[in-house]
Each structure stands twice: as structure tokens, then as C-alpha cells.
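Please explain how this protein chain is built, beginning with its overall dimensions and ending with the surroundings of its ligand. A formal account in running paragraphs would be preferred.

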Amino acid sequence: MAKIEQVSQSPEEISAKLYRFERIADKVDGFTNWNQEHLASYRIDGFVAVEHVLNEEEVELSIEALNDLIFKDDKGAQIQFTKPVSELKNDEEKELAIRKVHNFVQVDEQLRSIAEHPSILSMVQDILGETPKLVQNMALLKPPHGGGEKPWHQDMAYGNLAFEKPVVGVWIALDEAALDNGCMHVIPGSQADGATPHYAIRDWQLCDAHVQVERDVAVPLLPGGIILFHGLLKHGTPYNLSTKKRRALQFHYVGESAIKLTPKEYKRFFTNEMSGAEC
Ligand SMILES: O=C(O)CCC(=O)C(=O)O
């Protein structure tokens, strides 16, 4: 089958075409209000948003810890830049060019304490039905004036999260995540579609033409608010076209008993290598 040529589009065009901003997710107010009903809606929708899980101090200390890794000493955590580091003249340019800081829980006690936050672990344990094991930790920075899009995808399509049992993602807003600075967008219930092939287009992502954009629900959050979501939920974040920062932490957990997919299973579920289906 002929491959459809990808025409390059501006951030504004991508935001207008691939995201909707009218439908806003309901939220639980705080961990103390988390109950069986929310667990039931997680099973149906594939996500639940909970505001006020981290308090102001936890958010501030986490931003400080992140800044220390970026500006003082990365202590062995990894930092992913969108430009060659040699081109970055000062701290401001450096921060604007950072997309991701990862693998910090081993080296930073404050950020580790968020990954092990009792309220978060308790909700994740309810969802998994067994003791959670942390399998990925990262901070995602979407700087002002064009911080990049994360196209629609399923987290379990990334090799390190390809387990044969569901992964739970926890995305935590450190700044207010709003409609104009790249908050999370989800397709409720899309985890039920199962594993879907991904393609290397603007990122490792779902085929844009296959995403049911009309079902998009946006999940704006206050600092300290979180989204718990199924590893097969289709989700993405548009460009940050505002003047505000949008920093977030993201952790992924599996149940203790989960085992990784074999390379052959991974190919069958998440790539077009065996089916040949084009995007
Ligand atoms: O925070 C973001 O911009 C994207 C987060 C996300 O969906 C991911 O990294 O899998």
C-alpha cells in the first residue's frame, strides 16, 4: 500500500486539527474523597483526575529538586535537550531547551518521596489490585512559546512499559496545566481498543488519521493535581503556545507480578511489522 506523505504543519494547525478544547474532565477533590465509584469509572474511562493530591510544600520542594538537577548537579539523572547543549548560552536558554529529565528517583530523595507518596501508592494499589512497582520516572517540561507537542499515543507502546499486564501512569502537575499551555488530553475508554500500532512520525505515536479527535476530553489541573491513567489509554498533549511554563512529573507502576512482553509480542501488538498496515 502506498505510504501517505506527511505534510508538515505548524503548531497552531496541529493544535486545531488534532485536539479539542471544549470537553473538560470531571475531577475528584483530594485523595480523601477517592472511593470505589472512582475506581469503577477508572475501569470504564481508563483514567481519573484527582486535584490536591500534593500540597503546596510538596509541589514547591519538587520544583526546587528539579531545578537543582537542571542547574546545579544532575547527580546522574538524565536530561533530554531539544537543541545541542553547546548552543545554550545561559540558564534561561537551557531550561527552554529541556523536554525531559528522567531516572532521578535513585539520586533525589525529594522526587523519590513523590514516587512513593502514600496517597498515590494507595490509589495505584487499588487500581492494580496488588503491590505497585515503580518502572519509570520522569519530569516533562513544556516551556512557554512553543514547548513541543506529545502526539497521541499509548504509554505501553514504549518498550520499557510493554508488560503483559496493565501499566498505571501517574501524571502530576507542578505548574497549573491549562488548556493553553499543554495540559493532558485523553480519549475516554480508548484503553478498551487494546494495543494499537504506533508509527515514527513526529514521535513514536498513533497514526493521526486514526485518532478519534472528536472524543477528546481535556484534563486541566492545578499544581499538585494528578491523573491516574491506564497504559493503553490514548492520550497526548498539545503545544504550549502560552507564556507560562508547564512542568509535570510522571511515574509508571506495574503490579509486582507483571512480566515484560517478548520482543515478538511487542512487534505484533504495537508495530505494523507483522500486519504491514500503513499510516
Ligand atoms: O507531559 C507531556 O507533555 C506528555 C506526557 C506523556 O503523555 C508521556 O510522556 O507519555
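The paragraphs below proceed from the whole chain to its strands, then to selected residues and finally to the ligand.

The model is a predicted one. Its protein chain contains seven helices and 14 strands. The radius of gyration is 18 Å, close to the 19 Å that the globule rule gives for 279 residues, so the chain is as compact as a globular protein of that length. Measured out along the principal axes, the C-alpha trace spans about 55 × 50 × 40 Å. Of the 279 residues in the protein chain, 38% are buried. Contacts between residues at least 6 apart in sequence are dominated by distant pairs, since 84% of them join residues at least 24 apart.

The strands may be taken next. In a sheet, strands pair through backbone hydrogen bonds, in either the parallel or the antiparallel sense. One open sheet in this model is formed by four strands in the order β6-β13-β8-β11, with antiparallel pairing. Its edges are β6 (150-153) and β11 (217-219); each has a single partner strand, so one side of each is left without a neighbour in the sheet. On average, neighbouring strands of this sheet are turned by 25° against each other, direction ignored. At one end of the order, strand β8 (residues 184-186) pairs with β11 over three bridges in the antiparallel sense, and Val 186 stands opposite Val 217 in β11.

Strand β5 takes part in further pairings. It runs antiparallel to strand β4 (residues 98-102), to which three bridges join it. Within this pair, Val 101 has Ala 139 in β5 as its bridge partner. Strand β5 is also joined to β14 by 10 bridges, again in the antiparallel sense. There, Lys 133 stands opposite Val 254 in β14.

Several individual residues deserve attention. Most residues other than glycine have a negative phi. His 52 is not a glycine, yet it has a positive phi of about 55°. This residue lies in the loop between β2 (47-51) and α3 (56-72). Is His 52 buried or exposed? His 52 is buried, because 20 other C-beta atoms lie within 10 Å, and the threshold for burial is 20 or more.

Lys 75 also has a positive phi, near 50°, in a residue other than glycine. Its position is the loop between α3 and β3 (78-81). Lys 75 has 11 C-beta neighbours inside 10 Å and therefore counts as exposed, the limit for that class being 12 or fewer.

Ile 44 belongs to helix α2 (residues 36-45). This residue is exposed, because 11 other C-beta atoms lie within 10 Å. Ile 44 and Pro 188 are 144 residues apart along the chain, while their C-alpha atoms are separated by 8.0 Å.

The account closes with the ligand. Which residues lie around the ligand? They are Leu 140, Lys 142, Lys 150, Asp 155, Gly 182, His 235, Thr 237, Ala 248 and Gln 250. Two or more residues of this shell come from each of β5 (132-142), β13 (235-237) and β14 (246-255). By class, the shell has two nonpolar, four polar and three charged residues. Strands already described therefore reappear here: β5 and β14, joined by 10 bridges, and β13, a member of the open four-stranded sheet.

Terms used:
Residues numbered from 1 in each chain as written. Predicted model: local features only at pLDDT ≥ 70, side-chain atom pairs only at ≥ 80, totals over all residues. Near = placed C-beta within 6 Å. Nonpolar A, V, L, I, M, F, W, Y, C, P; charged D, E, K, R; others polar. Pairing = 2+ DSSP bridges. Axes fitted to C-alpha atoms, helices over the stretch in contact; angles between N-to-C directions. Rg over C-alpha atoms; globule rule 2.2 N^0.38 Å. Contact = placed C-beta atoms within 7 Å.
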